Amino acid sequence: MRFLAVHPGPLLYTKIFLRLEPLGLELVAAAVRRAGHDVRLIDLQVASHKDYFALVDRWRPDVVAFSCNYLANVPEVVDLARLTRARRPETFVLVGGHSASFVAPDLLEHAGGAIDCVLRGEGEASIGALLEAVEHDRRAITKVAGVVASDGEGPPPRLVESLDDLVPARDLLRHRRRYFLGVLEPCASIEFARGCPWDCAFCSAWTFYGRTYRIVSPERAVDDLAAVREPGVFIVDDVAFVQAQHGLEIGEAIARRGIRKQYYLETRGDVLLRNKEVFKLWTRLGLSYIFLGLEAIDEEGLRKYRKRISLGRAFEALEFARSLGINVAINLIADPEWDRERFEVIRQWCLEIPEIVNISVNTPYPGTETWHTEARRVHTRDYRLYDIQHAVLPTRLPLADFYEELVRTQRVLAMKHLGWTALREMASIVAGHLVRGQTNFFRSLWKFNSVFDPKLLLADHHRPLAYEMRLPPPARATVDPRGLYVLQSRGRGGRAIDDATEKFVDATRTGTSD
Ligand code: B12
Ligand code: SF4
């Protein structure tokens with residue numbers, strides 16, 4: 001069969017700071033190809049809807065599969081599914097991905113028959129069986145693990161047994177030079193581990209994977225890396241190098257094979273402090289950006305986001321990251337409760353430190369504990385606003401003033417690293433990019449004001465609404481995490497970490513999940 005894999009368009013954040021290859025979709029596409037089908041992939045972060053429909057008309061796929069990792073992409077995916085159905089009624093349309101897995105019945109309802117099924121969980125595990133059913137007996141699709149269709153559901157989604165069996169179909173992605181992350185340009189993505197052993201209340205990374213944590217073997221990780229052509233590499237792991245030995249083994253194998261790249265990774269402050277030698281080794285190998293989810297700069301804020309790391313330790317981690325001599329970015333979560341004074345404190349603090357600071361807005365997501373425990377009621381049911389750049393909870397300040405303060409703060413922070421100052425500091429890097437025809441980063445330096453604009457953010461709340469999100473259930477004090485899992489928990493046995501690391505995780509998490 002002809003299988004067309006589609007990644008939806010960019011959200012606000014991708015318009016400025018980064019644009020990354022759709023690694024999950026490439027993995028699913030590789031599994032489909034292994035099953036003997038003819039596969040193409042289109043990424044609407046870099047191609048237009050017109051390009052998509054031209055491809056559909058020209059190539060006439062038997063199956064169109066959308067990736068929906070982001071809740072904010074739901075309306076786009078539903079619209080595309082409806083238009084695809086109208087054009088090619090016989091084409092089988094399916095959706096998979098992180099957010100799709102949490103809101104599967106809603107997607108089917110919004111699409112009014114234009115989506116044949118949602119495949120929850122890891123696409124590689126069941127896509128072969130699903131296509132088998134589509135080809136030979138469409139009524140059998142509801143026997144496939146992870147399938148949710150309007151006339152029934154299959155058994156719970158299965159976990160991929162070994163990550164070593166997976167190789168992304170990077171060759172299917174056209175325009176590879178369009179992917180970048182700050183000065184890492186062009187930039188590819190790679191996965192060394194999947195899942196997260198912690199259980200933060202606002203996050204769905206661990207609920208999706210049933211708090212499992214699996215690793216790619218060092219040999220396989222380095223083979224995959226050696227096949228990457230791009231000089232920049234984004235390590236997509238939720239928390240990089242949870243287990244020191246894994247990070248060291250991959251690093252040593254990279255050194256042995258003489259691979260030279262620049263890397264970006266995200267990790268926790270306490271992991272950084274526990275595994276200092278790993279991060280030192282990686283700095284020698286080319287690690288150039290670390291992103292730390294600090295979330296708050298006061299103890300109360302840290303408690304609220306269930307980060308058990310103390311403020312002192314968080315600052316110590318920042319200090320250590322600085323000592324590595326690489327770019328450090330941190331994330332802070334702005335609460336809709338914030339008043340002008342609070343924003344001012346944050347601005348002042350951020351100006352005093354050398355790091356890049358990213359501010360996101362506290363947003364409850366389906367699939368998180370917060371979705372069930374947040375007592376404040378969301379004031380919008382527009383999926384597009386659930387991108388952690390908009391306020392979906394009631395703001396203490398009038399909404400217009402909240403956005404004005406938010407963007408003012410983001411601008412102060414961004415201007416530390418964008419615009420003329422950045423250009424002066426990074427003149428040689430930018431010049432090198434331009435010589436090679438790489439203009440993504442250069443253009444991003446100037447786009448900030450046209451993308452992050454309080455008036456535009458406010459206007460987004462008044463766009464016509466075609467699909468309304470389901471409201472969260474009445475708030476409860478606690479929630480059983482098992483009810484949130486997409487992939488089933490395997491308890492301690494599902495986490496590829498040693499006992500000392502398991503103890504460390506237990507001491508630094510605040511949930512009660514198994
Ligand atoms: C890497 C990453 C990014 C990259 C995206 C790279 C890309 N182009 O896809 C970057 C840094 C750009 C990014 C940005 C954002 N991200 Co992000 N990101 C992640 C992260 C850490 C890992 C995703 C990943 O690559 N995993 C590895 C691959 C192999 O897995 P995967 O993509 O999930 O794919 C698997 C399955 O989902 C499924 N699947 C995927 N597609 C399909 C399609 C079909 C047909 C099928 C059957 C299956 C299937 O099978 C795949 C293989 O197993 C996740 C956390 C997580 N663990 O999922 C957050 C996460 C997805 N991001 C999140 C958020 C909020 C954002 C932002 C909105 C944040 C912001 N600052 O604005 C932006 C918006 C991005 C945008 N599209 O514009 C949230 C999603 C919340 C939500 N419910 O919408 C997550 C869950 C993080 C969190 N802890 O809450 N992100
Ligand atoms: S450490 Fe917390 S926020 Fe980070 S991925 Fe794990 S559960 Fe999510």
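**Notes on a predicted model**

1. Arg-60 is partly exposed, its relative accessible area being 45%. This is a predicted model, so please read every value here as computed from it. Arg-60 sits in the loop between helix H2 (49–59) and strand S4 (63–67). The backbone is the reason to look here: phi of Arg-60 is positive, about 50 degrees, although the residue is not a glycine. Most residues other than glycine have a negative phi.

2. Helix H2, which Arg-60 follows, has a clear inner side. Its buried residues are Tyr-52, Phe-53, Leu-55, Val-56 and Trp-59. Viewed down the axis of H2, these residues fall within an arc of 155 degrees, and therefore they line one face of the helix. Lys-50 and Arg-58 are exposed on the face turned away from that buried side. Among the elements that cover the buried residues of H2 are strand S1 (2–7), strand S3 (38–43), S4 and H3.

3. Which residues of helix H21 (residues 499–508) are buried? They are Thr-501, Glu-502, Phe-504, Val-505 and Thr-508. Their arc around the axis is only 160 degrees, which means that they lie on the same side of H21. Asp-499 and Lys-503 are exposed on the other side. The cover over the buried residues of H21 includes helix H10 (269–274). As background for both helices, an α-helix has 3.6 residues a turn, so residues three or four places apart point the same way.

4. Phe-241 is a second place with an unusual sign of phi: the angle is near 55 degrees, positive in a residue other than glycine. Phe-241 lies in the loop between strand S13 (232–235) and helix H9 (244–257). Is Phe-241 buried or exposed? At a relative accessibility of 2%, Phe-241 counts as buried. Its ring also belongs to a cluster, in which ring pairs link Phe-192, Phe-241, Tyr-263, Phe-279 and Trp-282.

5. The peptide bond between Glu-185 and Pro-186 is cis, with omega about -10 degrees. Pro-186 is found in the loop between strand S9 (180–181) and strand S10 (187–190). Most peptide bonds are trans.

6. Now the ligands. How many donors does the protein give to the cobalt atom of ligand 1? There is a single one, Tyr-70 (OH), at 2.7 Å. Since donors are counted within 2.8 Å and water is not among the atoms, the site may look incomplete. Tyr-70 lies in the loop between S4 and helix H3 (74–87).

7. Around ligand 2 are Cys-196, Trp-198, Cys-200, Phe-202, Cys-203, Trp-206, Asp-238, Val-239 and Arg-268. Sorted by class, this shell has seven nonpolar residues, two charged ones and no polar ones.

8. Trp-206, one of the residues around ligand 2, also takes part in ring packing. The model has 17 aromatic pairs. In one of them, Trp-206 and Tyr-485 meet edge-to-face, with 6.1 Å from centre to centre and 80 degrees between the planes. Trp-206 lies in helix H7 (residues 205–208) and Tyr-485 in the loop between helix H20 (454–460) and H21, so this pair ties together parts that are 279 residues apart in sequence. Both Trp-206 and Tyr-485 are buried. The rings of Phe-208 and Tyr-209 form another edge-to-face pair, because their centres are 4.7 Å apart and their planes are at 85 degrees. Phe-208 and Tyr-209 are buried too.

9. Pro-197 is found in the loop between strand S11 (193–195) and H7. With 0% relative accessibility, Pro-197 counts as buried. Setting aside neighbours within four places in sequence, Pro-197 is in contact with Arg-211, Tyr-213, Val-242, Arg-495, Ile-497, Val-505 and Arg-509. Of these, Val-505 is one of the buried residues of H21. Ile-290 is 93 residues away from Pro-197 along the chain, and their C-alpha atoms are separated by 20 Å.

10. Ala-145 lies in the loop between helix H6 (123–136) and strand S7 (147–149). Ala-145 is buried, with a relative accessible area of 13%. Beyond its neighbours within four places in sequence, Ala-145 is in contact with Leu-119, Ser-126, Pro-155, Pro-156, Pro-157 and Arg-158. The C-alpha atoms of Ala-145 and Gln-389 are separated by 34 Å, and the two residues are 244 residues apart along the chain.

Conventions: Residues numbered from 1 in each chain as written. Chains lettered and ligands numbered in written order. Predicted model: local features only at pLDDT ≥ 70, side-chain atom pairs only at ≥ 80, totals over all residues. Heavy atoms only, no water. Donors = N, O, S within 2.8 Å, 3.2 Å for Na, K, Ca; no water. Helix = DSSP H or I, 4+ residues; strand = E, 2+ residues; numbered from the N terminus. Buried < 20%, exposed > 50% of the residue type's maximum accessible area, 1.4 Å probe, protein only. Arc of directions from axis to C-beta. Contact = heavy atoms within 4.5 Å. Near = heavy atom within 4 Å. Nonpolar A, V, L, I, M, F, W, Y, C, P; charged D, E, K, R; others polar. Phe/Tyr/Trp six-rings, centres within 6.5 Å; stacked < 30°, edge-to-face > 60°.
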